[in-house]
Amino acid sequence: MATTLVRSSSDRWIGGVCAGLARRFGIKPSLMRLIFVVSCILPGPQFLIYIVLWILMPSED
């Protein structure tokens, strides 16, 4: 499990947020993306949280 939370610069589809979260929690990026897409079906602010994380998480350089 990684210790820092950064957006991935190498394994990104849109903003690298899901890949960064997956690396932080030690799971595959594709699984994190699937969890995010499925969670968007449920009511809640998931998309807004993604945008906020995209803005606030530093990019991996």
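**Salt bridges, pockets and a nonpolar patch**

Let me begin with one residue, Arg23, which has a relative accessible area of 35% and is therefore partly exposed, and let me say at once that what you see above is a predicted model.

What does Arg23 pair with? The partner is Glu60, and in this salt bridge the closest N and O atoms are 2.5 Å apart. The two residues come from distant parts of the chain, since Arg23 sits in helix 1 whereas Glu60 belongs to the segment after helix 3, with their positions 37 residues apart in the numbering. Glu60, for its part, has a relative accessibility of 23%, so this residue also counts as partly exposed.

The total number of salt bridges in the model is 2, and the other one joins the side chains of Asp11 and Arg33, with an N to O distance of 3.5 Å. Here again distant parts of the chain are linked, because Asp11 is in the segment before helix 1, which covers residues 17–25, and Arg33 is in helix 2, residues 29–39, the pair being 22 residues apart. Is Arg33 buried or exposed? With a relative accessible area of 13%, and with buried meaning under 20%, Arg33 is buried, while Asp11, at 28% relative accessibility, counts as partly exposed.

I would like to stay for a moment with the segment after helix 3, as this is also where Asp61 is found. Asp61 has a relative accessibility of 93%, and so counts as exposed. As for its place in the fold, the C-alpha atoms of Asp61 and Arg7 are 9.3 Å apart in space, although the two residues are 54 apart in sequence.

Let me now turn to the pockets. The largest pocket has a volume of about 220 Å³. Which residues come closest to its centre? They are Trp13, Ile14, Cys18, Phe36 and Tyr50, out of 15 residues that line this pocket. Helix 1, helix 2 and helix 3 are the elements that contribute two or more residues each to that lining, and the largest share comes from helix 3, which supplies 4 residues. By residue class, the lining of the largest pocket is made up of 11 nonpolar, 1 polar and 3 charged residues.

The second largest pocket has a volume of about 160 Å³, and its lining includes Val17, Cys18 and Leu21, then Met32, Ile35, Phe36 and Ser39, and also Gln46, Ile49, Tyr50 and Leu53. As you can follow on the structure, helix 1, helix 2 and helix 3 each provide at least two of these residues. How many of the lining residues are charged? There are no charged residues in the lining of the second largest pocket, which divides into 9 nonpolar and 2 polar ones.

That leaves the outside of the model, where nine residues, if you count along with me, make a nonpolar patch on the surface: Trp13, Ile14, Phe47, Leu48, Ile51, Val52, Trp54, Ile55 and Leu56. Together they have about 1,000 Å² of accessible area. Two of the patch members, Trp13 and Ile14, were also among the residues closest to the centre of the largest pocket.

Within the patch I will pick out two residues of helix 3. Val52 lies in this helix, which runs over residues 46–56, and at 42% relative accessibility Val52 counts as partly exposed. Leu56 has its place in helix 3 as well, but with a relative accessibility of 64% Leu56 counts as exposed, because the cut-off for that class is over 50%. The C-alpha atoms of Leu56 and Val6 are 9.4 Å apart in space, while in sequence these residues are 50 residues apart.

My last residue is Leu31 in helix 2, which is partly exposed, with a relative accessible area of 39%. From the C-alpha atom of Leu31 to that of Ala19, which is 12 residues away along the chain, the separation is 9.5 Å.

Key: Residues are numbered from 1 along each chain as its sequence is written. This is a predicted model: local features need pLDDT of at least 70, side-chain atom pairs count only at pLDDT 80 or more; totals for chains, interfaces and linings use all residues. Side-chain values use heavy atoms; hydrogens and water are left out. Patches are made of residues with over 30% relative accessible area and no salt bridge: like charges are joined within 9 Å, nonpolar side chains (Val, Leu, Ile, Met, Phe, Trp, Tyr) within 5 Å. Accessible areas come from the Shrake-Rupley method with a 1.4 Å probe; for residues, only the protein chains shown count as cover. A salt bridge is a side-chain nitrogen of Lys or Arg within 4 Å of a carboxyl oxygen of Asp or Glu. Buried means under 20% relative accessible area, exposed over 50%, partly exposed in between (1.4 Å probe, protein chains only). On a 1 Å grid over the protein atoms alone, a cavity is a set of points where a 1.4 Å probe fits but cannot get out, and a pocket is an open set with protein on both sides within 12 Å along at least five of seven lines; lining residues have an atom within 4 Å of a point. Grid points are joined across faces, edges and corners, and a volume is the space filled by probe spheres set on the points. Ala, Val, Leu, Ile, Met, Phe, Trp, Tyr, Cys and Pro count as nonpolar, Asp, Glu, Lys and Arg as charged, and the others, Gly among them, as polar.
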